[in-house]
Amino acid sequence: MRLTRGRKVLLTRGAWWTVLCIGLWPLAHLLWLMANDGLGANPAEFLIRATGDWTLRGLCLGLAITPLRVQWGWPELARFRRMVGLLTYLYACLHLSCYLVFDMGLDWPEIVKDVFKRPFIWVGVGAWLLLSAMAATSFNRAVRWLGGVRWRALHRVVYAVAAMAVLHFWWMRAAKSNFNEVIVYALILGSLLAWRGHRRWRTSAR
């Protein structure tokens, strides 16, 4: 089958760098805002919120790659999956770091108490730990070391991460009774997970 022009573009080095630059643009924008006193009256809250939002968006995009690849018949999209996953992990690390540094001032006894006092924080930390396991095993050497079956089983925890991320966001917003954005993310991630579940059911039923 001949590659279309769009699919050929996806295979170029330029496409890879373009996706990387787009993925790093939110970080560059946040750094620019920090340098220009543009974070508003509560910079810590702004940074925690922004990095959390980009983590959720990264999860949505990462989970959307396979449905788009299958529905469009563009297997070339798969080459961006690892990059999107690592960028999502970057924003998750920044989200956690902003909480630890700017919100809690690296006061570890208080951090430990806060984590166990507020359920949405320990759910978020749990999601970050699972993402850390995925990020640490996202390279080809890890696939060879674990074996394909175990590697795929480990990386299916992304489903749990997505559910925990939405729960983390919902619990955090519960104090303000503002669930509009939570519902949007829940619907997007829920539909992507439902697509995967339906596809696996159809495959096993054959």
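## The largest nonpolar core

The largest nonpolar core holds 21 residues, and those that touch the most other members are L56, L59, L63, L131 and L189. This is a predicted model. Five helices, α3, α4, α6, α9 and α10, each supply at least two residues of this core. The largest share comes from α9, with six residues.

Take L59 as a way in. Leave aside its neighbours within four places in sequence. L59 is then in contact with T88, V158, V161, A162, A165 and L189. L189 also appears among the core residues that touch the most other members. Another core lies apart from this one. That other core has 15 residues, among them L47, A50, C98 and M104. There is a general pattern here: in soluble globular proteins, nonpolar side chains tend to be buried together.

## Two threonines in contact

T88 sits in helix α4. Is T88 buried or exposed? T88 counts as buried because its relative accessibility is 4%, and the cut-off for buried is under 20%. Not counting residues up to four places away in sequence, T88 touches T55, G58 and L59.

The side chain of T88 has polar partners on the backbone. One of its polar atoms lies 2.8 Å from the backbone oxygen of V84. The backbone oxygen of G58 lies 3.4 Å from a polar atom of the T88 side chain. G58 is also one of the residues that T88 touches.

T55 belongs to helix α3. At 11% relative accessibility, T55 counts as buried too. Which residues does T55 contact, leaving aside neighbours within four places in sequence? They are T88, Y91, A92 and H95.

## The largest pocket

Now look for empty space. Rolling a probe the size of a water molecule over the atoms shows where empty space is left. The largest pocket contains about 930 Å³ of space. It is lined by 29 residues, and the closest to its centre are R81, W151, H155, V158 and R196. Six elements give two or more residues to this lining: α3 (43–72), α4 (81–103), α6 (119–136), α8 (148–155), α9 (158–174) and α10 (180–205).

Which helix gives the most to the lining of the largest pocket? That is α4, with seven residues. By class, the lining has 13 nonpolar, seven polar and nine charged residues. V158 has a place in two parts of this report: V158 is among the residues closest to the centre of the largest pocket, and V158 is in contact with L59.

## The second largest pocket

The second largest pocket has a volume of about 810 Å³. Its lining has 31 residues, and I48, H95, F120, H168 and M172 are the closest to its centre. H95 is also a contact of T55.

Helices α3, α4, α6 and α9 each supply at least two residues of this lining. The most come from α3, which gives nine. How do the lining residues of the second largest pocket divide by class? There are 18 nonpolar, six polar and seven charged.

## Helix α7 and residue E45

L146 lies in helix α7, which covers residues 140–146. L146 is buried, with a relative accessible area of 16%. Not counting residues up to four places away in sequence, L146 touches T137, W151 and L154. W151 is also among the residues closest to the centre of the largest pocket. L146 and L39 are 107 residues apart in sequence. In space, their C-alpha atoms are 43 Å apart.

E45 lies in helix α3. E45 is partly exposed, with a relative accessible area of 41%. Along the chain, E45 and L167 are 122 residues apart. Their C-alpha atoms are separated by 19 Å.

## Two loop residues with positive phi

D37 is found in the loop between α2 (13–35) and α3. Its phi is near 55°, a positive value in a residue other than glycine. D37 is exposed, with a relative accessible area of 73%.

L106 lies in the loop between α4 and α5 (108–117). Phi of L106 is near 55°, again a positive value in a residue other than glycine. L106 counts as partly exposed, at 43% relative accessibility.

Methods:
Residues numbered from 1 in each chain as written. Predicted model: local features only at pLDDT ≥ 70, side-chain atom pairs only at ≥ 80, totals over all residues. Heavy atoms only, no water. 1 Å grid on protein atoms, 1.4 Å probe; cavity = no way out; pocket = protein on both sides within 12 Å on 5 of 7 lines; lining within 4 Å. Points joined across faces, edges and corners; volume = space filled by probe spheres on them. Helix = DSSP H or I, 4+ residues; strand = E, 2+ residues; numbered from the N terminus. Nonpolar A, V, L, I, M, F, W, Y, C, P; charged D, E, K, R; others polar. Buried < 20%, exposed > 50% of the residue type's maximum accessible area, 1.4 Å probe, protein only. Polar contact = N/O pair within 3.5 Å; in protein donor to acceptor, adjacent residues only side chain to side chain. Contact = heavy atoms within 4.5 Å. Core = buried A, V, L, I, M, F, W, Y, C linked by side-chain atoms within 4.5 Å.
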